[in-house]
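Grab a pencil and have the structure open while you work. Each exercise gives you a task, then a solution you can follow step by step.

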Amino acid sequence: MERKAIGAAALEVGAVGLGCMPMSWAYTGSRQRGEESVRTVHAALDRGCSLVDTADMYGPFTNELLLGRVLKERRADAFVSTKVGLLVGEQHIVANGRPGYVRRACDASLRRLQTDVIDLYQLHRADPEVPVEETWGAMADLVRAGKVRSLGLCAVGARAARRGGRSALHAGTIRQLERVQQVFPVSSVMAELSVWSTEALQMLLPWCAARGVGFLAAMPLGNGFLTGTLRPGEGFEPDDVRARHPRFTAEMMAANQPLVVGLRRVAARHGDEVTPAQVALAWVLAQGGSVVPVPGAKHERWAAENAAAAGLSLTDADLAEIAALPAARGSWD
């Protein structure tokens, strides 16, 4: 698989990554299987998807523990990305960016991941009670201590979008980036980017490209919708985040089917084995040399399919046809 450089340190990763969150957090719990998830990570690494992305809050903690089982055997094959800054309670999630907490959280993540260094340590969310420079400074100290190799920032979440729209969301992220960049270099930014969520192309991706900052595309398959495997009206289990998501009501899923139809049409031109998911990932890859899609997967089959997208080259006509597809309907908030 082609490899891409992330950030000024030119840390190399496979062109397509693996999001580990669905293995133990946010998606249908009854379909989560530890052994199958372990095989999925192995399958991704076998195919060159070296960037494996997790967070201490996923589970919480169980996602890192699961990944650690693989890293114990295959640390040299993996580029390990995890996150800090969010705490999960019984009914809520809160930010914690206090320097002391960041140091303790890093040590705990290292133990769970069964490694002595984290390749990319990302700030999941800034703590409104702590200047982001203080949090970032504590993370920079971890780099100097040899516990972390590089630092990344996750884009501001959906609540900001509700207050001010998507442009405000990315403007807020850029303000944070400019502040922390004064403390220690930012190697990567993680933000949503997909065929049905293109807002990052307007401000955030150009900001990253101009500064040599890597861009990790979260949810590049639209939480599974762009794979074409979800059907309107099928519903989701109560513990699945999509059960409460306005874009995953039966009405909105039906309204957005033209997006999947368009991806299928492009896929058909590239061969019977090419899928809408692979076209969706190839579209993300086409947005720039610093862009690495990080699709979530919890089954070997999907990990293999996602990895194969790295070898799919879309033509100018393909890209124009995708650009002409109708905008997705329904709010992400």
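Here come five exercises on this model, which is predicted.

**Exercise 1. Trace the open sheet: in what order do its strands run, and which strands sit at the edges?**

Step 1. Start with the order: the 8 strands go β3-β4-β5-β8-β9-β10-β11-β12, and their pairing is parallel.
Step 2. Now look for strands that pair on one side only; these are the edge strands, β3 (18–19) and β12 (291–294).
Step 3. Zoom in on one pair. Strand β8 (residues 120–123) and strand β9 (residues 151–154) run parallel and are joined by 3 bridges. If you pick Gln 122, its bridge partner in β9 is Gly 152.
Step 4. Keep in mind what holds such pairs: strands of a sheet pair through backbone hydrogen bonds, either parallel or antiparallel.

**Exercise 2. Find helix α3 and work out which strands it lies across.**

Step 1. Select residues 99–113, which make up α3.
Step 2. Check what is beneath your selection: α3 lies across β5 (79–84) and β8.
Step 3. Compare directions, and you get about 140° between α3 and β5.

**Exercise 3. Work out which residues of helix α10 are buried and what they pack against.**

Step 1. Colour residues 300–308, the span of α10.
Step 2. Pick out the buried ones: Ala 303, Glu 305, Asn 306 and Ala 307.
Step 3. Follow their contacts. The buried residues of α10 pack against α1 (34–46) and α9 (276–285).
Step 4. Two of those names come back when you turn to the largest cavity, since Ala 303 and Asn 306 help line that space.

**Exercise 4. Hunt for empty space: how many cavities of 30 Å³ or more are there, and what lines the second largest pocket?**

Step 1. A quick reminder: rolling a probe the size of a water molecule over the atoms shows where empty space is left.
Step 2. Count the cavities of 30 Å³ or more, and you find 1. The largest cavity holds about 40 Å³ of space.
Step 3. Its lining includes Gly 17, Leu 18, Ala 44, Cys 49, Pro 295 and Ala 297. By class, the cavity lining has 6 nonpolar residues, 2 polar and no charged.
Step 4. Move to the second largest pocket, with about 210 Å³ of space. The pocket has 16 lining residues, and Val 195, Thr 198, Ile 322, Ala 323 and Leu 325 lie nearest its centre.
Step 5. Sort that pocket lining and you get 11 nonpolar, 3 polar and 2 charged residues. Helix α11 (residues 316–323) gives the most to it, with 3 residues.

**Exercise 5. Spot the unusual backbone: where is the cis peptide bond, and which residues have a positive phi although they are not glycines?**

Step 1. Know the usual picture: most residues other than glycine have a negative phi, and most peptide bonds are trans.
Step 2. The cis bond joins Gly 59 and Pro 60, with omega about -5°. Pro 60 is in the loop between β4 (51–53) and α2 (62–74).
Step 3. Phe 61 is in the loop between β4 and α2 as well, and has a positive phi of about 75°.
Step 4. Met 219 has a positive phi of about 50°; look for Met 219 in the loop between β11 (214–218) and α7 (250–255).
Step 5. Are these two residues buried or exposed? Phe 61 has a relative accessible area of 40%, so it is partly exposed. Met 219 is at 33%, so it counts as partly exposed too.

Methods: Residues are numbered from 1 along each chain as its sequence is written. This is a predicted model: local features need pLDDT of at least 70, side-chain atom pairs count only at pLDDT 80 or more; totals for chains, interfaces and linings use all residues. Side-chain values use heavy atoms; hydrogens and water are left out. Buried means under 20% relative accessible area, exposed over 50%, partly exposed in between (1.4 Å probe, protein chains only). Helices (H or I, at least four residues) and strands (E, at least two) are DSSP runs, numbered from the N terminus. Contact means heavy atoms within 4.5 Å. Two strands pair if DSSP finds at least two bridges between them. Axes are lines fitted to C-alpha atoms, for helices over the stretch in contact, and angles run from 0 to 180 degrees between N-to-C directions. On a 1 Å grid over the protein atoms alone, a cavity is a set of points where a 1.4 Å probe fits but cannot get out, and a pocket is an open set with protein on both sides within 12 Å along at least five of seven lines; lining residues have an atom within 4 Å of a point. Grid points are joined across faces, edges and corners, and a volume is the space filled by probe spheres set on the points. Ala, Val, Leu, Ile, Met, Phe, Trp, Tyr, Cys and Pro count as nonpolar, Asp, Glu, Lys and Arg as charged, and the others, Gly among them, as polar.
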